[in-house]
Amino acid sequence: MKLNSNKIRQFFVFILFIISGSEAFAAGDSALASFSSQSKKNFFTSFSFGMGISYSDNPSLLEYIEFDVIDYSQIPNDEKIPNFTSGIFFFGSAERQILNDFSVKGEYSYTIKTINVPYSPNYQYSYYMHQPMLTLNYLIPQKHSYFKIGLGGGYNFSDFTRTYITAESDYKSSGPAVKFEMVFNAQLGKNSSTYLSGFLMKSFMSDLKNSGGTYLKGPQNSNINLSSFGMGVKLGLELYFF
């Protein structure tokens with residue numbers, strides 16, 4: 001899935017608008033019960049949801065595409081697939097504060113990524129990934145906001161499809177992943193806030209295999225996997241209960 005620079009800029013402008021607007025709202029509402037005052041009475045439980053954009057490499061998959069597409073080496077450099085490609089995802093999470101400075105978050109994300117070869121439109125490569133994750137967060141509370149620094153891990157499950165014209169081949173893969181994340185919550189109401197996150201993630205995926213047990217093969221008969229390193233941003237809402 002390709003996202004042009006215009007759409008990316010609009011996405012980030014929207015994020016900045018949400019942050020500045022919510023901070024002004026919270027600071028200007030003297031009757032608003034701040035997160036800091038509510039947290040003095042009880043630890044919080046929160047629920048968040050939203051969507052995001054990620055950029056990640058897939059070195060093994062890119063090697064396969066270069067091998068699979070006829071005359072790929074003849075394609076102009078500016079039309080070849082870059083090392084990092086974009087995807088979108090949707091997420092939901094539940095978080096519980098366990099100590100004054102720490103919380104534990106369980107999260108589920110669903111990622112969609114499609115790689116097209118513009119010079120050879122008959123080829124398309126796509127995968128869908130289920131990403132459950134458990135994260136330990138260090139909390140930095142402000143009066144009307146939270147900063148969180150988290151380190152987590154989980155296990156990914158993916159479905160990969162190679163499409164040539166109308167013929168499709170399906171493969172599956174799975175493997176562990178680790179993630180470093182920073183989250184900013186700006187209070188919107190007594191129990192609601194924005195959710196803005198930036199993260200780095202590394203996954204270690206098994207070799208792609210179809211339902212018959214046959215591995216997807218690349219150059220020199222090598223097995224292909226979806227292991228990747230990536231970064232991304234998430235935008236959404238978080239609801240707090242103290």
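This tour moves through a predicted model, from the whole chain to the barrel, its hairpins, its cavities and two individual residues.

**The whole chain**

Begin with the full chain coloured by secondary structure. Three helices and eight strands are present, and their order from the N terminus is α-α-β-α-β-β-β-β-β-β-β. Of the 242 residues in the chain, 45% are buried. If contacts are displayed for pairs with a separation of 6 or more, 70% of them join residues 24 or more positions apart.

**The barrel**

Next, select the eight strands together. They form a closed barrel that runs β1-β2-β3-β4-β5-β6-β7-β8, with antiparallel pairing. From one strand to the next, the twist averages 20°. Add helix α3, residues 59-68, which packs on the sheet. This helix touches β1 (45-57), β3 (102-116), β4 (123-141) and β5. Viewed against β4, the direction of α3 makes an angle of about 170° with that of the strand.

**From β5 to β7**

Now restrict the view to β5 (residues 145-164) and β6 (residues 167-186). These strands run antiparallel and are joined by 20 bridges. Two of the paired positions can be picked out: Tyr 164 has Ala 167 of β6 as its bridge partner, and Thr 161 is partnered by Asp 170 of β6. Between the two strands, the hairpin has two residues. Select Ile 165 in this hairpin, where the backbone takes a positive phi near 60°.

Follow β6 onward to β7 (192-203). The hairpin that joins β6 to β7 does so through five residues. The pairing of β6 and β7 is again antiparallel, over eight bridges. To find a point along this pairing, select Ala 177, which stands opposite Ser 203 in β7.

**The largest cavity**

Hide the cartoon and show internal voids. Two cavities of 30 Å³ or more are held within the structure. The largest has a volume of about 270 Å³, and 22 residues line this cavity. Select Ser 54, Thr 111, Gln 131, Phe 199 and Met 201, which are the lining residues nearest the centre of the largest cavity.

Colouring the lining by strand shows where its residues originate. At least two residues each come from β1, β3, β4, β7 and β8 (228-241). The greatest contribution to the lining is that of β8, with five residues. Colouring by class instead gives nine nonpolar, nine polar and four charged residues around the largest cavity.

**Ser 54, at the cavity lining**

Which strand holds Ser 54? Its place is in β1. Is Ser 54 buried or exposed? Ser 54 counts as buried because its relative accessibility is 13%, below the 20% cut-off. Display its surroundings, leaving out residues up to four places away in sequence: Ser 54 touches Thr 85, Ser 86, Gly 87, Phe 89, Phe 199, Met 231 and Gly 232. Phe 199 in this set is also among the residues nearest the centre of the largest cavity.

**The second largest cavity**

Move to the second largest cavity, which has a volume of about 50 Å³. Select its lining: Asn 58, Leu 61, Leu 62, Ile 65, Ile 81, Pro 82, Asn 83, Thr 85 and Ile 115. Helix α3, already seen packing on the sheet, gives the largest share of this lining, three residues. By class, the residues here are six nonpolar and three polar, with no charged residue. Thr 85 links this stop to the previous one, since Thr 85 belongs to the lining of the second largest cavity and is touched by Ser 54.

**Ala 94, on β2**

For the last stop, select Ala 94 in strand β2 (residues 84-99). How does Ala 94 count by relative accessibility? With a value of 34%, Ala 94 counts as partly exposed, because this class lies between the cut-offs of 20% and 50%. Show its contacts, setting aside neighbours within four places in sequence: these are Ser 46, Phe 47, Val 104, Lys 105 and Gly 106. Finally, draw a distance from the C-alpha atom of Ala 94 to that of Thr 45. Although these two residues are 49 residues apart along the chain, their C-alpha atoms are separated by 7.4 Å.

Notes
Residues numbered from 1 in each chain as written. Predicted model: local features only at pLDDT ≥ 70, side-chain atom pairs only at ≥ 80, totals over all residues. Heavy atoms only, no water. Helix = DSSP H or I, 4+ residues; strand = E, 2+ residues; numbered from the N terminus. Buried < 20%, exposed > 50% of the residue type's maximum accessible area, 1.4 Å probe, protein only. Contact = heavy atoms within 4.5 Å. Pairing = 2+ DSSP bridges. Axes fitted to C-alpha atoms, helices over the stretch in contact; angles between N-to-C directions. 1 Å grid on protein atoms, 1.4 Å probe; cavity = no way out; pocket = protein on both sides within 12 Å on 5 of 7 lines; lining within 4 Å. Points joined across faces, edges and corners; volume = space filled by probe spheres on them. Nonpolar A, V, L, I, M, F, W, Y, C, P; charged D, E, K, R; others polar.
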